[in-house]
Amino acid sequence: QSSDVILHLEVGGEFRFVSPAMKRLSGHEPADLIGRPSADFVHPDDLPAVAAEHRACFAEPGGTRRFRHRARLADGSWTWVEASACAVLDEDGHPDGVVSLLRDISAHVAE
């Protein structure tokens, strides 16, 4: 019932899991996103910074990265979100993906 979206991304950035809150936040059906590149839903101007934050997650396992970016809504418009992301490691300690919590902060960000 959380209004925050929980995402689990593959190491390459594809959606592995998307919580039901995605529908409320963005209008996207969670099941339709599975296997798609998450980069397709990040504003092009924000993509380098988001990619750098995900790399930093892998460089600092156990740490949480907090950052903001614009995310594409189902109608093609953009909204500001805050992400809290951390690496997921497999039983051998190798990166297995990133888990992120997204929160809509558009009401708090002046463009």
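These entries record what I looked up on cysteines and on the largest pocket.

**Entry 1: the model.** I worked from a predicted model.

**Entry 2: disulfides.** I searched the whole structure for disulfides and found zero. I then asked why C57 forms no bond with the closest cysteine sulfur, in C86. The two sulfurs lie 6.8 Å apart, which is too far for a bond, since a disulfide requires the pair to be within 2.5 Å. Looking from the other side, I noted that C86 is likewise in no disulfide, its nearest cysteine sulfur being that of C57.

**Entry 3: exposure of these cysteines.** Are C57 and C86 buried or partly exposed? I recorded C57 as buried, at a relative accessible area of 0%. C86 has 27% relative accessibility and therefore counts as partly exposed.

**Entry 4: the largest pocket.** I next looked up the space in the largest pocket and noted a volume of about 450 Å³. Its lining comprises 31 residues. Nearest the centre of the pocket I listed L9, S38, V42, V50 and H54.

**Entry 5: origin of the lining.** Which element supplies the largest share of the lining of the largest pocket? I found that α3 does, with six residues. The helix α3 spans 47-59. Elements that each give at least two lining residues also include the helix α1 (21-26) and the strands β1 (5-9), β3 (65-72) and β5 (95-104).

**Entry 6: character of the lining.** I sorted the lining residues of the largest pocket by type and obtained 20 nonpolar, eight polar and three charged.

Notes. Residues are numbered from 1 along each chain as its sequence is written. This is a predicted model: local features need pLDDT of at least 70, side-chain atom pairs count only at pLDDT 80 or more; totals for chains, interfaces and linings use all residues. Side-chain values use heavy atoms; hydrogens and water are left out. Buried means under 20% relative accessible area, exposed over 50%, partly exposed in between (1.4 Å probe, protein chains only). On a 1 Å grid over the protein atoms alone, a cavity is a set of points where a 1.4 Å probe fits but cannot get out, and a pocket is an open set with protein on both sides within 12 Å along at least five of seven lines; lining residues have an atom within 4 Å of a point. Grid points are joined across faces, edges and corners, and a volume is the space filled by probe spheres set on the points. Helices (H or I, at least four residues) and strands (E, at least two) are DSSP runs, numbered from the N terminus. Ala, Val, Leu, Ile, Met, Phe, Trp, Tyr, Cys and Pro count as nonpolar, Asp, Glu, Lys and Arg as charged, and the others, Gly among them, as polar.
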